[in-house]
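Work through the exercises below with the sequence and the model at hand. Try each task before you read its solution.

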Amino acid sequence: MTNLFDLTGEVAAVLGGTGVLGGAMADALAAAGAAVAVVGRSEERGRERVRAIEKAGGRAIFVAADAMSRDSLAAARDAIAAQLGSVTVLINGAGGNKPEGTVPPGGDFCTVGLDGWNAVFDLNLVGGTLLPCQIFGAKMVEAGKGSIINIASMASITPLSRVVAYSASKAAVLNLTLWLAREWATKGVRVNAISPGFFPAEQNRRMLLRDDGTYTERGQAIIGHTPMGRFGTAEELAGATVWLASSRASGFVTGQNIVVDGGFSSVTI
């Protein structure tokens, strides 16, 4: 059974690996034996993550890249190949939200501007998923091997209140995942998604928690809708990540959305 989850010989690129969730996924892949490239814009946080992986006995490098630039992503892909080998596992963990794409409290959807809408779609769909899948995926298809894991969201399944552009963009991420899974199913490249529930991180912490650690009104509503009665921790994404990355453990799995949400999506009333 241990061999099913052994990623020795795999090379994983974790876009968004400088963040809390992406960083935890990078840790998990390295612990399973993969050589990991932490890809992001923050060199300080990226190198800190690399040091942590190396301290734990793993192998990792940091590669700077702008997910909105084809040239930057291609340069990152080539730099990883030169130092670690060709990428066989791709985690598309870059993304986020912007206030300009959100309906303010008591506000009107019709006031959401196109600039804000486009910015959120660029973050999550274009730079966060589309371009990396094209740049890294082309080499995977050429090699006939690869596992791509896109990061979707609870909002991919059920649109969340106020965050309209984010919800729509994450639904598009899931749709693109399914499309690519079908397109590349006979080419040796599997494409799946992970939809995390609510995990406090840099971007959403203030929405969920006050400075003293108590729940905000929105945070309390989410907890009340979550059967497990708590938020997730980043480390709880490790199992799904390693499983989807391993061709031995999930070789017949493609086009799937793995929900890790404490039961949030099971509650309808």
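**Exercise 1. Long-range contacts**

Task: Find what share of the contacts between residues at least 6 apart in sequence join residues at least 24 apart.

Solution: Start with the term: a contact means heavy atoms within 4.5 Å. Take the contacts in the protein chain between residues at least 6 apart in sequence. Of these, 71% join residues at least 24 apart.

A note on the source: this is a predicted model, where local features need pLDDT of at least 70 and side-chain atom pairs count only at pLDDT 80 or more, while totals for chains, interfaces and linings use all residues. Residues are numbered from 1 along each chain as its sequence is written, and side-chain values use heavy atoms, without hydrogens and water.

**Exercise 2. Overall form**

Task: Compare the radius of gyration of the protein chain with that of a compact globule.

Solution: The radius is taken over C-alpha atoms, and the globule rule is 2.2 Å times the number of residues to the power 0.38. For 269 residues the rule gives a value near 18 Å. The protein chain has 18 Å, so the two agree. Next, look at the box: the C-alpha atoms fill roughly 50 × 35 × 35 Å along the principal axes. Last, count the elements: there are 10 helices and 7 strands. These are DSSP runs numbered from the N terminus (helices: H or I, at least four residues; strands: E, at least two).

**Exercise 3. The largest core**

Task: Name the residues with the most contacts inside the largest nonpolar core, and the element that supplies its largest share.

Solution: A nonpolar core is a set of buried Ala, Val, Leu, Ile, Met, Phe, Trp, Tyr and Cys residues joined through side-chain atoms within 4.5 Å. Buried means under 20% relative accessible area, exposed over 50%, and partly exposed in between (1.4 Å probe, protein chains only). Buried residues make up 49% of the protein chain. The largest core has 31 residues, and Ala 13, Val 39, Ile 80, Phe 136 and Ile 148 have the most contacts inside it. Several elements each supply at least two of its residues, including β1 (11-15), β2 (35-40), α3 (70-83) and α4 (114-143). The largest share, 7 residues, comes from α4. Now check Ile 80: beyond four places in sequence, the residues it touches include Val 11, Ala 37, Ile 61 and Phe 136. In general, nonpolar side chains tend to be buried together in soluble globular proteins.

**Exercise 4. A second core**

Task: Place Ile 53 in its helix and decide whether it is buried or exposed.

Solution: Apart from the largest core lies another, of 30 residues, with Leu 29, Ala 30, Ile 53 and Ala 240 among them. Ile 53 sits in helix α2 (residues 43-55). Its relative accessibility is 4%, so Ile 53 counts as buried. Beyond four places in sequence, its contacts include Ala 26, Asp 27 and Val 38. Ala 26 is 27 residues away in sequence, with 8.2 Å between the C-alpha atoms.

**Exercise 5. An unusual phi**

Task: Locate Arg 162 and state its phi.

Solution: Arg 162 is in the loop between α5 (154-157) and α6. Its phi is positive, about 75 degrees, although Arg 162 is not a glycine. Most residues other than glycine have a negative phi. With a relative accessible area of 38%, Arg 162 is partly exposed. Ser 167, in helix α6, is buried at 4% relative accessibility.
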